[in-house]
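Q: I have a structure in front of me that is new to me, and I would like to learn how to read it. Could you take me through its features in turn?

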Amino acid sequence: MSHIHIDLISDTATRPSPGMLRAMADAPTGDEQRGEDPTTLQLCERVAALVGMDDAIFLPSGTMCNQIAFLVHCRPGDEIIAAANAHIVRSEGAGAAALAGAQINAVPTPTGIFTAADAAPMIRAQRDRAPVTRLISVEQTTNFGGGAVWPVDVLQDLAKLANGRNLALHMDGARLLNAAVASGQPANTHCKGFVSTWIDLSKGLGCPVGAVLAGSADFIERAWTWKHRLGGAMRQSGILAAAGLYALDHNVTRLAEDHENAKLLAHELVGTPGVSVAPDKVETNILFIETSGTGKTTRQINDVLAGDGIRLQPESPTRFRAVTHLDVTRDQIKTAAAAIRRACAD
Ligand SMILES: *Cc1c(COP(=O)(O)O)cnc(C)c1O
């Protein structure tokens, strides 16, 4: 795929920048699983402070953050309330069921957002035969909900509900910093009342690897056991943590550019025959492009786009997901939009 030079398939398509690579090369290191890697310790401290939690732990991926959170919070037979289109439902190999033994009670919501009023009736009454509702999980921003941002007051209401009903509250914060930038509200405001949350370093932040899971002191202590058990403990991980620290210094406020570029792409596609986009629904760096009226499948359109070195994510035969990120400039968005218009008309 090296000929693809405008890659809108995901914000995971970013490559480490020269500055990031220098920071990685210069990082002081030690043995991470003994708690002796100074750069990893610094990153964990920094992320814990950012999200307003006691402590944090460095992990290879966001998927492992979610799965360790479920393993800590849940016992086999427990239930997790989450959006039906959540990443944990669609894209983690049914890990909650396969690893923690928890089933997901899925809230139907196209944006991926639900309210305390939606969640309250899904909490099971405690009867012999009923699963035990243990956890509510939210995804900030919503990936397959199109990058929508949970309003802070909706999160706060959920926290009240969870605390009142003795439930744990977890945030899949893969793109929490996109939400913080888009809403103008700091990350720790979003996480108030949550027991665990995490941020992905390998998405919009532009790192090659890594995610940081944060939580209460008790939660992180138990998460460490699972990190060892699953083989997530590392050695000189400081070279990866250094990329994370660099990203927190250089790649956070600029997420606003990605959000503007996603909106721009939507605006540029308005009026394309057979194509439906909603610029006013673009809140962050993800947008949907409906192509059902073009008479072509998304695969056919993507094949044409590949000739121009451009690709989108075909979510279905009639809908693309496009994701903007730091390796796509405003000019490239205009180039991509022109190519998409041509490919749809061909
Ligand atoms: C990408 C993503 C994950 C998984 O993160 P990885 O680092 O790819 O394992 C989880 N949740 C959401 C919302 C994501 O977008």
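Q: How much area do domain 1 and domain 2 bury between them?

A: Please keep in mind throughout that this is a predicted model. The general idea is that buried area is the accessible area which two parts lose on being put together, summed over both. In this structure, domain 1 and domain 2 bury about 1300 Å² between them, and 55% of that lies on carbon and sulfur atoms. On the side of domain 1, the residues that lose the most area to domain 2 are Gly146, Asn178 and Gly204, which together make up 33% of what that side buries.

Q: Where in the numbering do the two domains lie, and how many residues of each are in contact with the other?

A: Domain 1 covers residues 18–250 and domain 2 covers residues 254–345. Their C-alpha centres are 29 Å apart, and across the boundary 19 residues of domain 1 are in contact with 13 residues of domain 2.

Q: Turning to the ligand, which residues around it come nearest?

A: A shell of this kind is read by asking which residues have a heavy atom within 4 Å of the molecule. Here there are 14 residues around the ligand, and those that come nearest are Thr63, Asp172, Arg175, Asp200 and Lys203. By character, the shell divides into 2 nonpolar, 6 polar and 6 charged residues.

Q: Which elements each supply at least two residues of that shell?

A: These are helix 3 (62–73) and strand 7 (196–200), and helix 3 gives the most, with 3 residues.

Q: What distances separate polar side-chain atoms from atoms of the ligand?

A: For a polar contact, one looks for a pair of N or O atoms within 3.5 Å. A polar side-chain atom of Asp172 lies 2.5 Å from a nitrogen atom of the ligand, whereas for Asp200 the partner is an oxygen atom of the ligand, at 2.7 Å. Lys203 likewise has a polar side-chain atom 2.9 Å from an oxygen atom of the ligand. As for how covered the ligand is, taken alone it exposes 380 Å², of which the protein buries 88%.

Q: Finally, the backbone: which peptide bond is cis, and which residue has a positive phi although it is not a glycine?

A: The peptide bond from Gln140 to Thr141 is cis, with omega near -10 degrees, and Thr141 belongs to the loop between strand 5 (132–139) and helix 7 (152–164). The residue with the positive phi, of about 55 degrees, is Ala94, which is found in the loop between helix 4 (87–90) and helix 5 (95–100).

Technical notes: Residues numbered from 1 in each chain as written. Predicted model: local features only at pLDDT ≥ 70, side-chain atom pairs only at ≥ 80, totals over all residues. Heavy atoms only, no water. Polar contact = N/O pair within 3.5 Å; in protein donor to acceptor, adjacent residues only side chain to side chain. Areas by Shrake-Rupley, 256 points an atom, 1.4 Å probe, with all protein chains shown as cover. Helix = DSSP H or I, 4+ residues; strand = E, 2+ residues; numbered from the N terminus. Nonpolar A, V, L, I, M, F, W, Y, C, P; charged D, E, K, R; others polar. Domains from an automatic or database assignment. Contact = heavy atoms within 4.5 Å. Buried area = accessible area lost by both parts, 1.4 Å probe.
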